[in-house]
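Me: Let's go through this one together. I'd like to talk about empty space, packing and cysteines.

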Amino acid sequence: MNIFTDHFISNEQNLEFTKAAMMGPNAMRVAEELASRLDICDDMRILDLGCGMGLSTLFLAQKYGAQIFAADLWIPPSDNYERFKSYRIDGKAVPISVDATKGLPFANGYFDMLFSVDAYHYFGDTEEMLPSLIPLVKKGGYIAIAIPGLKYEFGGNVPEEMKPYWSNPEIARTIRSIDWWRELWSRAEGIEIISIREMDCCKRSWDEWLACPSPYAVEDIEMMEAEGGEYFNLVELIAKVK
(Lines give C-alpha, C1' and ligand atoms only; values in the text may rest on other atoms or scores of the structure.)
Protein backbone atom coordinates (compact mmCIF):
# COMPACT_ATOMS: atom_id res chain seq x y z
CA MET A 1 0.00 0.00 0.00
CA ASN A 2 2.87 2.38 0.75
CA ILE A 3 4.93 1.71 -2.38
CA PHE A 4 5.81 5.38 -2.98
CA THR A 5 6.84 6.04 0.63
CA ASP A 6 8.87 2.85 0.97
CA HIS A 7 10.69 3.59 -2.28
CA PHE A 8 11.26 7.24 -1.35
CA ILE A 9 12.81 6.53 2.06
CA SER A 10 14.94 3.66 0.72
CA ASN A 11 17.29 6.43 -0.44
CA GLU A 12 19.41 7.61 2.50
CA GLN A 13 19.22 11.29 1.52
CA ASN A 14 15.44 11.10 1.20
CA LEU A 15 15.19 9.27 4.52
CA GLU A 16 17.09 12.03 6.31
CA PHE A 17 14.93 14.65 4.58
CA THR A 18 11.79 12.83 5.68
CA LYS A 19 12.97 12.55 9.28
CA ALA A 20 13.79 16.26 9.37
CA ALA A 21 10.41 17.19 7.86
CA MET A 22 8.16 15.04 10.08
CA MET A 23 5.99 16.85 12.62
CA GLY A 24 4.08 13.77 13.80
CA PRO A 25 3.30 10.27 12.47
CA ASN A 26 4.96 10.05 9.06
CA ALA A 27 2.76 12.34 6.95
CA MET A 28 3.97 10.88 3.66
CA ARG A 29 2.96 7.36 4.65
CA VAL A 30 -0.39 8.54 6.01
CA ALA A 31 -1.00 10.65 2.88
CA GLU A 32 -0.29 7.67 0.64
CA GLU A 33 -2.85 5.47 2.39
CA LEU A 34 -5.44 8.26 2.39
CA ALA A 35 -4.82 9.01 -1.30
CA SER A 36 -5.21 5.33 -2.20
CA ARG A 37 -8.89 5.68 -1.27
CA LEU A 38 -9.40 8.54 -3.72
CA ASP A 39 -9.32 9.17 -7.47
CA ILE A 40 -6.56 11.76 -7.94
CA CYS A 41 -5.25 12.89 -11.32
CA ASP A 42 -2.87 15.48 -12.71
CA ASP A 43 -5.49 18.05 -13.72
CA MET A 44 -6.75 18.50 -10.15
CA ARG A 45 -6.27 21.53 -7.92
CA ILE A 46 -5.81 20.35 -4.32
CA LEU A 47 -5.66 22.30 -1.07
CA ASP A 48 -3.20 20.54 1.25
CA LEU A 49 -4.39 22.17 4.45
CA GLY A 50 -1.96 22.03 7.37
CA CYS A 51 0.82 20.73 5.11
CA GLY A 52 3.54 21.20 7.72
CA MET A 53 6.97 20.90 6.09
CA GLY A 54 5.43 19.54 2.93
CA LEU A 55 5.73 15.75 3.04
CA SER A 56 2.11 15.29 1.96
CA THR A 57 2.55 17.98 -0.70
CA LEU A 58 5.67 16.30 -2.03
CA PHE A 59 3.82 12.99 -2.25
CA LEU A 60 0.77 14.45 -4.03
CA ALA A 61 2.85 16.45 -6.51
CA GLN A 62 5.31 13.68 -7.36
CA LYS A 63 2.89 10.76 -7.36
CA TYR A 64 -0.02 12.40 -9.18
CA GLY A 65 1.33 15.60 -10.76
CA ALA A 66 -1.60 17.58 -9.36
CA GLN A 67 -1.48 21.31 -8.59
CA ILE A 68 -1.11 21.64 -4.82
CA PHE A 69 -1.70 24.68 -2.62
CA ALA A 70 0.48 23.89 0.39
CA ALA A 71 -1.12 25.85 3.23
CA ASP A 72 0.13 25.98 6.80
CA LEU A 73 0.01 28.25 9.82
CA TRP A 74 3.23 27.27 11.58
CA ILE A 75 5.76 26.73 8.77
CA PRO A 76 6.93 29.79 6.80
CA PRO A 77 6.04 29.45 3.11
CA SER A 78 9.54 30.55 2.11
CA ASP A 79 10.97 27.54 3.95
CA ASN A 80 8.57 25.22 2.17
CA TYR A 81 9.38 26.85 -1.16
CA GLU A 82 13.05 25.95 -0.68
CA ARG A 83 12.08 22.37 0.10
CA PHE A 84 9.82 22.22 -2.95
CA LYS A 85 12.61 23.57 -5.18
CA SER A 86 15.04 20.95 -3.86
CA TYR A 87 12.65 18.23 -5.05
CA ARG A 88 11.69 20.08 -8.26
CA ILE A 89 8.02 20.38 -7.44
CA ASP A 90 8.00 24.18 -7.09
CA GLY A 91 6.08 24.37 -10.40
CA LYS A 92 3.33 22.20 -8.91
CA ALA A 93 3.27 23.34 -5.28
CA VAL A 94 2.23 26.83 -4.12
CA PRO A 95 3.34 27.53 -0.52
CA ILE A 96 1.04 29.80 1.43
CA SER A 97 0.52 30.89 5.03
CA VAL A 98 -3.05 30.57 6.36
CA ASP A 99 -4.98 30.32 9.60
CA ALA A 100 -7.99 28.10 8.92
CA THR A 101 -9.79 29.44 11.99
CA LYS A 102 -9.81 32.94 10.47
CA GLY A 103 -11.08 32.06 7.01
CA LEU A 104 -9.21 31.01 3.88
CA PRO A 105 -8.39 33.34 0.94
CA PHE A 106 -9.80 31.19 -1.85
CA ALA A 107 -12.82 31.39 -4.14
CA ASN A 108 -15.77 29.08 -3.63
CA GLY A 109 -15.49 25.94 -5.73
CA TYR A 110 -11.79 26.60 -6.41
CA PHE A 111 -10.52 23.16 -5.40
CA ASP A 112 -11.22 19.66 -6.64
CA MET A 113 -10.16 18.32 -3.25
CA LEU A 114 -9.28 19.42 0.25
CA PHE A 115 -6.63 17.10 1.69
CA SER A 116 -5.27 17.27 5.23
CA VAL A 117 -2.90 14.97 7.12
CA ASP A 118 -2.09 15.20 10.85
CA ALA A 119 -3.42 18.74 11.17
CA TYR A 120 -7.22 18.95 11.04
CA HIS A 121 -7.74 17.89 14.68
CA TYR A 122 -5.97 21.06 15.84
CA PHE A 123 -8.52 23.39 14.23
CA GLY A 124 -11.40 21.24 12.96
CA ASP A 125 -12.97 20.14 16.23
CA THR A 126 -15.70 22.79 16.18
CA GLU A 127 -19.13 22.55 14.57
CA GLU A 128 -18.37 25.63 12.45
CA MET A 129 -15.12 24.54 10.79
CA LEU A 130 -16.29 21.91 8.30
CA PRO A 131 -19.17 24.07 6.97
CA SER A 132 -16.65 26.89 6.42
CA LEU A 133 -14.48 24.63 4.25
CA ILE A 134 -17.13 22.85 2.20
CA PRO A 135 -17.79 25.83 -0.14
CA LEU A 136 -14.12 25.87 -1.23
CA VAL A 137 -14.51 22.46 -2.88
CA LYS A 138 -16.45 22.12 -6.12
CA LYS A 139 -19.56 19.93 -6.20
CA GLY A 140 -18.52 16.33 -6.67
CA GLY A 141 -15.15 17.02 -5.08
CA TYR A 142 -13.84 15.51 -1.89
CA ILE A 143 -12.68 16.48 1.58
CA ALA A 144 -10.17 13.90 2.83
CA ILE A 145 -8.70 14.01 6.32
CA ALA A 146 -6.32 11.75 8.26
CA ILE A 147 -5.63 12.47 11.93
CA PRO A 148 -4.47 10.80 15.14
CA GLY A 149 -7.39 9.48 17.16
CA LEU A 150 -8.67 7.11 19.81
CA LYS A 151 -10.21 3.66 19.58
CA TYR A 152 -12.91 4.90 21.96
CA GLU A 153 -13.76 8.05 23.89
CA PHE A 154 -12.21 8.23 27.34
CA GLY A 155 -14.76 10.68 28.69
CA GLY A 156 -14.34 10.84 32.45
CA ASN A 157 -12.61 7.44 32.56
CA VAL A 158 -9.12 8.20 31.32
CA PRO A 159 -6.96 5.06 31.69
CA GLU A 160 -4.49 5.38 34.54
CA GLU A 161 -1.47 5.14 32.25
CA MET A 162 -2.83 7.94 30.04
CA LYS A 163 -3.69 10.41 32.81
CA PRO A 164 -0.27 12.14 32.83
CA TYR A 165 -0.73 13.00 29.14
CA TRP A 166 -4.44 13.86 29.29
CA SER A 167 -3.55 16.61 31.76
CA ASN A 168 -2.38 18.44 28.62
CA PRO A 169 -5.60 20.21 27.51
CA GLU A 170 -4.59 20.21 23.83
CA ILE A 171 -4.22 16.42 23.76
CA ALA A 172 -7.49 15.96 25.63
CA ARG A 173 -9.26 18.31 23.20
CA THR A 174 -7.86 17.09 19.90
CA ILE A 175 -7.42 13.30 20.16
CA ARG A 176 -10.93 11.92 19.66
CA SER A 177 -12.60 8.72 18.50
CA ILE A 178 -14.14 7.71 15.18
CA ASP A 179 -17.59 7.92 16.76
CA TRP A 180 -16.89 11.45 18.00
CA TRP A 181 -15.80 12.63 14.55
CA ARG A 182 -18.70 10.85 12.84
CA GLU A 183 -21.19 12.62 15.10
CA LEU A 184 -19.55 16.01 14.44
CA TRP A 185 -19.40 15.60 10.66
CA SER A 186 -22.96 14.27 10.48
CA ARG A 187 -24.20 17.72 11.49
CA ALA A 188 -22.72 19.39 8.39
CA GLU A 189 -24.94 20.03 5.38
CA GLY A 190 -23.75 19.77 1.80
CA ILE A 191 -21.66 16.62 2.09
CA GLU A 192 -22.08 12.88 1.85
CA ILE A 193 -19.83 10.98 4.25
CA ILE A 194 -18.02 8.32 2.22
CA SER A 195 -15.68 6.79 4.78
CA ILE A 196 -14.83 7.06 8.45
CA ARG A 197 -12.47 4.30 9.55
CA GLU A 198 -9.28 3.31 11.32
CA MET A 199 -6.26 3.46 9.03
CA ASP A 200 -3.83 0.60 8.57
CA CYS A 201 -0.55 2.53 8.72
CA CYS A 202 -0.86 3.69 12.33
CA LYS A 203 1.99 1.69 13.90
CA ARG A 204 4.49 2.20 11.09
CA SER A 205 3.77 5.93 10.86
CA TRP A 206 4.17 6.40 14.61
CA ASP A 207 7.31 4.24 14.76
CA GLU A 208 8.93 6.34 12.03
CA TRP A 209 8.06 9.54 13.90
CA LEU A 210 9.45 8.23 17.18
CA ALA A 211 12.75 7.41 15.42
CA CYS A 212 13.20 11.08 14.44
CA PRO A 213 15.67 13.39 16.20
CA SER A 214 12.96 16.02 16.77
CA PRO A 215 12.63 16.90 20.48
CA TYR A 216 8.86 16.60 20.04
CA ALA A 217 9.29 13.02 18.84
CA VAL A 218 11.51 12.27 21.83
CA GLU A 219 8.80 13.67 24.13
CA ASP A 220 6.22 11.35 22.52
CA ILE A 221 8.24 8.18 23.14
CA GLU A 222 7.20 7.90 26.77
CA MET A 223 3.53 8.48 25.92
CA MET A 224 3.53 5.85 23.18
CA GLU A 225 5.27 3.33 25.42
CA ALA A 226 2.59 3.92 28.05
CA GLU A 227 -0.15 3.60 25.42
CA GLY A 228 1.26 0.27 24.22
CA GLY A 229 -1.00 0.01 21.18
CA GLU A 230 -4.15 -0.10 23.30
CA TYR A 231 -5.80 3.26 22.71
CA PHE A 232 -4.50 5.26 19.73
CA ASN A 233 -5.34 4.92 16.06
CA LEU A 234 -5.33 7.01 12.92
CA VAL A 235 -8.75 8.19 11.75
CA GLU A 236 -9.69 8.59 8.08
CA LEU A 237 -12.55 10.94 7.20
CA ILE A 238 -13.68 11.26 3.58
CA ALA A 239 -16.72 13.22 2.42
CA LYS A 240 -18.07 14.09 -1.03
CA VAL A 241 -19.38 17.61 -1.62
CA LYS A 242 -22.96 17.61 -2.91
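Me: Which helix gives the most to the lining of the largest pocket?
Reply: Helix α12, residues 215-227, with four residues. Helices here are DSSP runs of H or I, at least four residues, numbered from the N terminus. This is a predicted model: local features need pLDDT of at least 70, side-chain atom pairs count only at pLDDT 80 or more, and totals for chains, interfaces and linings use all residues. Residues are numbered from 1 along each chain as its sequence is written, and side-chain values use heavy atoms, with hydrogens and water left out.

Me: How much space lies in that largest pocket?
Reply: About 1,100 Å³. A pocket is an open set of points on a 1 Å grid, with protein on both sides within 12 Å along at least five of seven lines. Its volume is the space filled by 1.4 Å probe spheres set on the points.

Me: Which residues lie nearest its centre?
Reply: M23, W74, D118, H121 and Y122. The full lining has 46 residues (an atom within 4 Å of a point). By class, 28 are nonpolar, 12 polar and six charged. Tyr, Trp, Cys and Pro count as nonpolar along with Ala, Val, Leu, Ile, Met and Phe; Asp, Glu, Lys and Arg are charged; the others, Gly among them, are polar.

Me: What lines the second largest pocket?
Reply: K151, C202, K203, W206, D207, L210, M224, E227, G229 and F232. Two elements give two or more residues to that lining: α11 (202-210) and α12. α11 gives the most, with five. The second largest pocket holds about 170 Å³. Its lining divides into five nonpolar, one polar and four charged residues.

Me: Now the closed spaces. How many cavities of 30 Å³ or more are there?
Reply: Two. In a cavity the 1.4 Å probe fits but cannot get out. The largest is about 40 Å³, and Y120, G124, T126, E127, L130, P131, L184 and A188 line it. The second largest holds about 30 Å³. Its lining is F17, M53, G54, L58, R83, F84, Y87 and I89.

Me: L58 sits in a helix, right? Is α4 mostly covered or open?
Reply: Mostly covered: eight of the 10 residues in α4 (55-64) are buried, meaning under 20% relative accessible area. L58 is one of them, and so are F59 and L60. G65 follows α4, with a positive phi near 70°.

Me: On to packing. How many residues are in the largest nonpolar core?
Reply: It has 57. A core joins buried Ala, Val, Leu, Ile, Met, Phe, Trp, Tyr and Cys residues through side-chain atoms within 4.5 Å. I40, I46, F115, W166, W206 and F232 have the most contacts inside it. Another core, of 33 residues, lies apart from it, with L47, L133, W181 and I191 among its members.

Me: What does F115 touch?
Reply: Its contacts (heavy atoms within 4.5 Å) include A31, L34, L38, I46, L60 and A144. Residues up to four places away in sequence are not counted.

Me: Last topic. How many disulfides are there?
Reply: Zero, with a disulfide taken as two cysteine sulfurs within 2.5 Å.

Me: Why no bond for C201?
Reply: Because the closest cysteine sulfur, in C202, is 7.3 Å away, too far for a bond. C201 is buried, at 4% relative accessibility.

Me: And why none for C212?
Reply: Because the closest cysteine sulfur to that of C212 is 15 Å off, in C201, again too far. C212 is buried, also with a relative accessible area of 4%.

How values were computed: Buried < 20%, exposed > 50% of the residue type's maximum accessible area, 1.4 Å probe, protein only.
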